[in-house]
Amino acid sequence: MSTHACAGGALPGSRQEDQAGELAAFLARHGRVLALTGAGISTASGIPDYRDRDGIRRGKAPVQGPDFRSQEAVRKRYWARSMAGWPLLSQARPNAGHRALAQLQAAGRLAAFITQNVDGLHQRAGCEGVLELHGNIHVVACHGCGATFPRDAIQSVLEIANPGLAGAMAKPAPDGDAHLEPESLAAFCLPQCAHCAGMLMPGVVFFGDGVPRPCAEEAERRIAQADAVLVAGSSLMVHSAYRLVRAAAEAGKPVAAVNLGKTRADPLLSLKIEARCEHALPALCRLLGLVIPAWEPAPPSAAQASNASS
């Protein structure tokens, strides 16, 4: 395996150019490259990741899906922390790494996308056909009737029902969570479905739950159709992503990774670039003559404009 590393992820120009050259050669050798991304690509957008360079999880264990559904206290803790963490996540913008991948796709250098991230930043950067392995945090669904709601709308409900926590300052945690432990959650008001008063759940795959079968099968299909895999910003410690890379490697498909620190698939990699995605991927685009435009919010749709004025 070819490896290029640099402490801190900040590279001198010559080394960054060497890394870009390695990545460009990797893309040139394969016609259908699948991009598989993780939390490391979104840290430059201000969203913390789960693990350190050794792949060790930071902080407390995350909420488990079975506990969320069965214990009201767990649901109160989740929604209180989510209420504090949502403003940061909702305002996050695609960084240069996201935008570089969008340009690589537009130029035909990437054939398919799978992301472990739930932040929706790839789509906002202009990537198309992104398969969200672990769901999307911007959607909330009723566990009872299946109705869905925008997460922004639920934030308004939470703040009205829990004014004492509105605007609470807390250290950000991954995926819209926050390091907030209120002294008492007994009086915290949970959001309910506006249609059936049922339990609301974020539209993500909780730890302890499996990826829905249709999504898992689509991910397997995309891996089968790819000639090679480019991992960006993932330690691949979560089995749902690692198994995809393992399947590709077992099929004889080369796997490259841009990631700071250890990955679970290091023995399977044919190329590893130890650098930040927001540095390495734009450098690759520059080498290929691709211009990364500054990100601008998409204009509101006609429906959004109508709702805003009504």
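**Salt bridges, helix H8 and the nonpolar cores**

Arg-243 pairs with Glu-220 in a salt bridge, with 3.0 Å between the closest N and O atoms. This one ties together distant parts of the chain: Arg-243 sits in helix H8 and Glu-220 in helix H7, 23 residues apart. The model is a predicted one, and the contacts described here are to be read with that in mind. Neither partner is tucked away completely: Arg-243 is partly exposed at 21% relative accessible area, and Glu-220 is partly exposed too, at 31%. The pair also belongs to a wider arrangement, since Arg-213, Glu-217, Glu-220 and Arg-243 are joined in a network of salt bridges. In total, the structure has 9 salt bridges.

Helix H7 has further pairings of its own, and Glu-218 takes part in two of them. Its side chain meets that of Arg-221 in a salt bridge at 2.6 Å, N to O, and that of Arg-222 in another at 2.8 Å, N to O. The spacing along the helix fits this picture. An α-helix has 3.6 residues a turn, so residues three or four places apart point the same way. Glu-218 and Arg-221 are 3 residues apart in H7, which means about one helical turn lies between them; Arg-222 and Glu-218 are 4 residues apart, again about one turn. The two arginines do differ in their surroundings: Arg-221 is partly exposed, with 39% relative accessibility, whereas Arg-222 is buried, at 15%.

Back to H8 itself. This helix covers residues 239-250, 12 residues in total, and spans 16 Å from first to last C-alpha, close to the 16 Å expected for it. Its buried residues are Ser-240, Ala-241, Tyr-242, Leu-244, Val-245 and Ala-248. The cover over these comes from several elements, including helix H7 (213-225) and the strands E2 (33-37), E3 (112-115), E10 (228-232) and E11 (255-258). H7 therefore meets H8 in two ways, as part of the cover over its buried residues and through the bridge from Glu-220 to Arg-243, with Arg-243 at 21% relative accessible area. After H8 comes Gly-252, which has a positive phi, near 80 degrees.

What about the nonpolar interior? The largest nonpolar core holds 30 residues, and those touching the most other members are Leu-101, Leu-104, Leu-110, Val-258 and Leu-281. Two or more residues each come from helix H1 (13-29), E2, helix H4 (96-106), E10, E11, strand E12 (271-274) and helix H9 (277-287). H9 gives the largest share, 5 residues. Leu-110 shows how such a member is packed: beyond its neighbours within four places in sequence, it is in contact with Leu-27, Val-33, Ala-35, Leu-101, Leu-104, Gln-105 and Leu-230. Apart from this core lies another, of 28 residues, with Val-63, Leu-89, Ala-92 and Ala-147 among them.

A last stop is Ser-42, in the loop between E2 and helix H2 (65-70). Despite its place in a loop, Ser-42 is buried, at 1% relative accessibility. Its side chain makes a polar contact with the side chain of His-98, at 3.2 Å. Not counting residues up to four places away in sequence, Ser-42 touches Ile-47, Asn-95, His-98, Asn-117, Asp-119 and Leu-121.

Key
Residues numbered from 1 in each chain as written. Predicted model: local features only at pLDDT ≥ 70, side-chain atom pairs only at ≥ 80, totals over all residues. Heavy atoms only, no water. Expected span 1.5 Å × (residues − 1). Buried < 20%, exposed > 50% of the residue type's maximum accessible area, 1.4 Å probe, protein only. Contact = heavy atoms within 4.5 Å. Salt bridge = Lys/Arg side-chain N within 4 Å of Asp/Glu carboxyl O. Core = buried A, V, L, I, M, F, W, Y, C linked by side-chain atoms within 4.5 Å. Polar contact = N/O pair within 3.5 Å; in protein donor to acceptor, adjacent residues only side chain to side chain.
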